[in-house]
Amino acid sequence: MNETMICAVGNVATQPVFRELANGPSARFRLAVTARYWDREKSAWADGHTNFFTVWANRQLAGNVSASLAVGEPVVVQGRLKVRTDVREGQNWTSADIDAVAIGHDLSRGTAAFRRTGRTETAAAPPRPEPNWETVAGEPPATDTTEQRPEPAAAVVA
(Lines give C-alpha, C1' and ligand atoms only; values in the text may rest on other atoms or scores of the structure.)
Protein backbone atom coordinates (compact mmCIF):
# COMPACT_ATOMS: atom_id res chain seq x y z
CA MET A 1 0.00 0.00 0.00
CA ASN A 2 1.37 3.42 -0.89
CA GLU A 3 1.47 5.88 2.00
CA THR A 4 2.83 9.37 2.38
CA MET A 5 5.42 9.24 5.16
CA ILE A 6 6.55 12.62 6.48
CA CYS A 7 8.88 14.00 9.09
CA ALA A 8 7.64 17.24 10.67
CA VAL A 9 9.71 19.43 13.00
CA GLY A 10 7.78 21.89 15.14
CA ASN A 11 6.37 22.70 18.57
CA VAL A 12 3.66 21.04 20.63
CA ALA A 13 0.72 23.48 20.33
CA THR A 14 -1.83 21.79 22.63
CA GLN A 15 -1.54 19.60 25.70
CA PRO A 16 -1.64 15.92 24.64
CA VAL A 17 -5.02 14.27 25.33
CA PHE A 18 -4.81 10.61 26.38
CA ARG A 19 -7.74 8.22 26.04
CA GLU A 20 -8.11 4.52 26.76
CA LEU A 21 -10.17 3.14 23.85
CA ALA A 22 -11.57 -0.33 23.13
CA ASN A 23 -8.73 -1.06 20.69
CA GLY A 24 -6.00 0.31 23.00
CA PRO A 25 -4.62 3.61 24.25
CA SER A 26 -4.61 6.68 22.01
CA ALA A 27 -3.24 10.21 22.39
CA ARG A 28 -3.48 13.30 20.23
CA PHE A 29 -2.04 16.79 20.17
CA ARG A 30 -1.66 19.68 17.74
CA LEU A 31 1.74 20.35 16.18
CA ALA A 32 2.71 23.82 14.93
CA VAL A 33 5.28 23.82 12.12
CA THR A 34 6.56 27.27 11.16
CA ALA A 35 8.83 27.85 8.17
CA ARG A 36 11.75 30.21 8.81
CA TYR A 37 13.63 32.16 6.19
CA TRP A 38 16.44 34.72 5.99
CA ASP A 39 15.07 38.21 5.36
CA ARG A 40 17.80 40.00 3.38
CA GLU A 41 16.30 43.46 3.90
CA LYS A 42 16.32 43.11 7.70
CA SER A 43 19.39 40.83 7.82
CA ALA A 44 17.56 38.59 10.25
CA TRP A 45 15.58 35.37 10.39
CA ALA A 46 11.83 35.75 10.00
CA ASP A 47 8.87 33.44 10.56
CA GLY A 48 6.91 32.30 7.56
CA HIS A 49 3.57 30.51 7.38
CA THR A 50 2.58 28.14 10.22
CA ASN A 51 1.00 24.78 9.40
CA PHE A 52 -0.93 22.90 12.08
CA PHE A 53 -1.19 19.12 12.19
CA THR A 54 -3.18 16.87 14.50
CA VAL A 55 -0.79 14.14 15.62
CA TRP A 56 -2.27 10.78 16.61
CA ALA A 57 -0.28 8.26 18.67
CA ASN A 58 -1.47 4.77 19.55
CA ARG A 59 -0.57 1.94 21.94
CA GLN A 60 2.74 2.33 23.80
CA LEU A 61 3.57 5.55 21.93
CA ALA A 62 0.34 7.11 23.29
CA GLY A 63 1.32 6.53 26.90
CA ASN A 64 4.83 7.82 26.31
CA VAL A 65 3.51 10.96 24.57
CA SER A 66 1.16 11.83 27.43
CA ALA A 67 3.95 11.32 29.99
CA SER A 68 6.66 13.17 28.04
CA LEU A 69 5.27 16.12 26.05
CA ALA A 70 4.08 19.56 27.13
CA VAL A 71 2.93 22.66 25.27
CA GLY A 72 5.74 24.62 23.62
CA GLU A 73 8.29 21.81 23.51
CA PRO A 74 10.17 21.29 20.23
CA VAL A 75 9.55 17.85 18.71
CA VAL A 76 10.23 15.76 15.62
CA VAL A 77 7.30 13.64 14.41
CA GLN A 78 7.52 10.88 11.82
CA GLY A 79 4.39 9.23 10.50
CA ARG A 80 1.76 8.79 7.83
CA LEU A 81 0.15 11.96 6.46
CA LYS A 82 -3.66 11.83 6.25
CA VAL A 83 -5.43 14.77 4.61
CA ARG A 84 -9.15 14.84 5.36
CA THR A 85 -11.91 16.99 3.94
CA ASP A 86 -15.47 17.34 5.18
CA VAL A 87 -18.38 19.77 5.14
CA ARG A 88 -19.33 21.56 8.38
CA GLU A 89 -22.26 23.95 8.43
CA GLY A 90 -22.11 24.30 4.66
CA GLN A 91 -18.37 25.06 4.54
CA ASN A 92 -15.60 22.80 3.28
CA TRP A 93 -12.94 22.02 5.90
CA THR A 94 -9.58 20.41 5.29
CA SER A 95 -7.37 19.01 8.02
CA ALA A 96 -3.98 17.36 7.97
CA ASP A 97 -3.35 14.57 10.47
CA ILE A 98 -0.20 12.59 11.16
CA ASP A 99 -0.59 8.98 12.29
CA ALA A 100 2.68 8.93 14.26
CA VAL A 101 5.22 6.13 14.09
CA ALA A 102 7.89 7.94 16.15
CA ILE A 103 7.98 11.15 18.19
CA GLY A 104 10.95 12.68 19.97
CA HIS A 105 12.22 15.92 21.37
CA ASP A 106 14.23 18.06 18.93
CA LEU A 107 17.71 17.88 20.46
CA SER A 108 19.01 20.67 18.23
CA ARG A 109 17.00 23.02 20.45
CA GLY A 110 17.52 21.51 23.91
CA THR A 111 18.38 18.44 25.94
CA ALA A 112 16.32 15.47 27.12
CA ALA A 113 16.79 12.54 29.48
CA PHE A 114 15.57 9.23 28.07
CA ARG A 115 13.90 6.68 30.35
CA ARG A 116 12.98 3.28 28.97
CA THR A 117 9.46 2.09 29.80
CA GLY A 118 8.30 -1.47 30.25
CA ARG A 119 6.23 -3.06 27.52
CA THR A 120 2.62 -3.57 28.55
CA GLU A 121 1.37 -5.22 25.36
CA THR A 122 3.30 -8.51 25.54
CA ALA A 123 4.74 -10.64 28.28
CA ALA A 124 8.47 -10.21 28.76
CA ALA A 125 10.46 -12.90 26.97
CA PRO A 126 13.39 -14.47 28.83
CA PRO A 127 16.73 -12.93 27.82
CA ARG A 128 18.51 -14.76 25.02
CA PRO A 129 22.28 -14.89 24.73
CA GLU A 130 23.84 -12.59 22.13
CA PRO A 131 24.77 -14.60 19.02
CA ASN A 132 28.43 -14.80 18.03
CA TRP A 133 28.30 -12.97 14.68
CA GLU A 134 31.88 -13.93 13.84
CA THR A 135 31.17 -17.65 13.37
CA VAL A 136 28.90 -19.42 10.94
CA ALA A 137 26.21 -21.53 12.59
CA GLY A 138 27.42 -25.10 12.99
CA GLU A 139 31.14 -24.25 12.66
CA PRO A 140 33.48 -24.08 15.63
CA PRO A 141 34.86 -20.59 16.30
CA ALA A 142 38.21 -19.73 14.70
CA THR A 143 41.19 -20.00 17.03
CA ASP A 144 43.45 -17.50 15.30
CA THR A 145 42.97 -14.05 13.80
CA THR A 146 43.81 -14.97 10.21
CA GLU A 147 40.98 -15.53 7.80
CA GLN A 148 40.33 -19.22 7.12
CA ARG A 149 39.35 -20.07 3.56
CA PRO A 150 38.22 -23.49 2.31
CA GLU A 151 40.57 -25.38 0.06
CA PRO A 152 39.64 -25.09 -3.66
CA ALA A 153 37.99 -28.19 -5.10
CA ALA A 154 40.24 -30.35 -7.29
CA ALA A 155 39.43 -30.14 -10.98
CA VAL A 156 38.22 -33.37 -12.50
CA VAL A 157 39.90 -34.13 -15.82
CA ALA A 158 38.17 -36.67 -18.01
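This is a short dialogue on reading features of a predicted model.

Q: What should be known about the model and its numbering?
A: Residues are numbered from 1 along each chain as its sequence is written, and side-chain values use heavy atoms, without hydrogens and water. The model is predicted: local features need pLDDT of at least 70, side-chain atom pairs count only at pLDDT 80 or more, and totals for chains, interfaces and linings use all residues.

Q: Which residues of the largest nonpolar core touch the most other members?
A: A nonpolar core is a set of buried Ala, Val, Leu, Ile, Met, Phe, Trp, Tyr and Cys residues joined through side-chain atoms within 4.5 Å. Buried means under 20% relative accessible area, exposed over 50%, partly exposed in between (1.4 Å probe, protein chains only). Of the 19 residues in the largest core, Phe29, Leu31, Val55, Val65, Val77 and Ile98 touch the most other members. Strand 3 gives the most to this core, with four residues. Strands (E, at least two residues) and helices (H or I, at least four) are DSSP runs numbered from the N terminus.

Q: How many salt bridges does the structure hold?
A: A salt bridge puts a side-chain nitrogen of Lys or Arg within 4 Å of a carboxyl oxygen of Asp or Glu. The structure holds six. Glu3 pairs with Arg80 at 3.0 Å. Glu3 is in the segment before strand 1 and Arg80 in strand 5, 77 residues apart. Asp99 also forms a salt bridge with Arg80, at 3.6 Å. Glu3, Arg80 and Asp99 are thus linked in a network of salt bridges.

Q: Is Asp97, which bridges to Arg84, buried or exposed?
A: Asp97 and Arg84 meet at 3.0 Å, N to O. Asp97 lies in strand 6 and Arg84 in strand 5, so the pair ties together parts that are 13 residues apart in sequence. Asp97 counts as buried, at 7% relative accessibility. Arg84 counts as partly exposed, at 44%.

Q: Why is the pair of Trp38 and Trp45 classed as it is?
A: A pair of aromatic rings is described by the distance of the centres and the angle of the planes. Rings of Phe, Tyr and Trp (its six-membered ring) pair if their centres lie within 6.5 Å; planes under 30 degrees apart count as stacked, over 60 as edge-to-face and the rest as tilted. The count comes to one aromatic pair. The centres of Trp38 and Trp45 are 5.6 Å apart and their planes are at 75 degrees, so the pair is edge-to-face. Trp38 is partly exposed, at 44% relative accessible area, and Trp45 is exposed, at 53%.
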